[in-house]
Amino acid sequence: MSNQLSYKQYIQEVTLWAEQLETLLGEMRTEDNEAKKSKNEISDLLNLLNSFENEIQYEDIVSIKEKVDILYQDSSSILQTNRQTDERLNLYNGIKIGEHKLPPLPYSYDALEPYIASEIMELHHKKHHQSYVDGLNKAERMMEKARQTGEFDLIKHWEREAAFHGSGHYLHTIFWNVMNPRGKKIPTGKLLNKITEDFGSFDAFKQHFTEAAKKVEGVGWAILVWSTRSHKLEILQSERHQMLTQWDTIPLLVLDVWEHAYYLQYKNERADYVQNWWNIVDWNEVENRFKEASKLQWKPF
Ligand SMILES: [Fe+2]
């Protein structure tokens with residue numbers, strides 16, 4: 001896909017989102033200054049989006065993205081505190097099974113030169129990332145087929161594929177967006193405070209992250225994460241990246257099938273343990289976790 005095409009697609013998607021948001025805010029019963037501010041931001045954004053006719057520059061995309069980020073932050077907090085719209089928090093429509101798409105880059109392929117060559121960016125995005133998207137879509141469709149037919153012989157294979165390609169797709173989607181030739185060079189505010197608290201200083205964090213990245217065994221990623229449990233930042237390595245998880249997801253229901261969890265009682269009959277376990281699941285807690293986790297929604301791809 002050419003840059004112009006992906007830019008246009010991005011503009012279309014942002015327009016749709018801004019219009020939906022405008023409707024949601026319009027339906028709110030109370031209107032405070034915050035809501036007014038967001039409405040003004042929306043009309044500014046829509047004016048900007050409508051102003052493009054021919055060639056779109058990547059600087060335009062960067063400035064749209066900045067506006068979108070601010071608007072998203074401002075409007076999310078308004079909508080979250082507004083009970084009337086509680087059930088309509090879903091600003092974006094989620095992805096249906098097997099319908100993930102390659103997200104457009106928020107800049108041109110040569111924008112990161114000389115640090116990352118244009119050729120690498122193009123291959124990395126068009127070929128590698130696309131193959132993760134395709135692989136994830138296939139795995140999701142095959143798992144859907146297994147549920148429909150009750151034929152789970154290959155489930156292990158498709159779970160692995162979903163983890164490998166899913167992590168690939170989600171991590172690359174984050175990766176493209178955390179880079180920008182004109183980005184902010186150093187964090188400030190709350191994030192900087194938390195980095196200082198959790199790592200000692202920004203320099204200490206940077207050194208730790210650099211070393212973790214250099215020392216990833218084989219292929220993989222260095223990842224700065226937010227732990228929703230310990231309310232702490234942490235640096236992790238993801239070797240390869242699949243390890244049967246999909247990064248950028250939050251666990252809702254988990255079942256421990258390490259032998260220590262059942263062996264004393266069930267010996268090697270893991271299947272019996274799994275079957276019996278369903279009798280003691282508390283869906284209240286799963287529902288709570290779902291309710292909290294689903295408040296966090298990135299733009300879907
Ligand atoms: Fe990659």
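**Exercise 1. Work out how far apart the ends of residues 99-179 lie, and what secondary structure fills the span.**

Step 1: the end C-alpha atoms of residues 99-179 are 26 Å apart.
Step 2: the span is 68% helix and 0% strand, with helices (H or I, at least four residues) and strands (E, at least two) taken as DSSP runs numbered from the N terminus.
Step 3: an unreviewed UniProt entry annotates residues 99-179 as "domain: Manganese/iron superoxide dismutase N-terminal"; such annotations may be inferred rather than shown by experiment, and their positions follow the numbering used here, with feature names shortened.

A word on the model: it's predicted, so local features need pLDDT of at least 70 and side-chain atom pairs count only at pLDDT 80 or more, while totals for chains, interfaces and linings use all residues. Residues are numbered from 1 along each chain as its sequence is written.

**Exercise 2. Check the length of helix 5 (residues 155-177) against its expected span.**

Step 1: the expected span is 1.5 Å times one less than the number of residues.
Step 2: helix 5 has 23 residues, so it should span 33 Å.
Step 3: its end C-alpha atoms are 33 Å apart, which agrees.

**Exercise 3. Is Lys36 buried or exposed?**

Step 1: find Lys36 in helix 2 (residues 33-50).
Step 2: apply the cut-offs: buried means 20 or more other C-beta atoms within 10 Å of a residue's own, exposed 12 or fewer, partly exposed in between, with C-beta atoms placed from the backbone.
Step 3: Lys36 has 11 other C-beta atoms within 10 Å, so it's exposed.
Step 4: for contrast, buried residues of helix 5 include Phe164, His165 and Tyr170.
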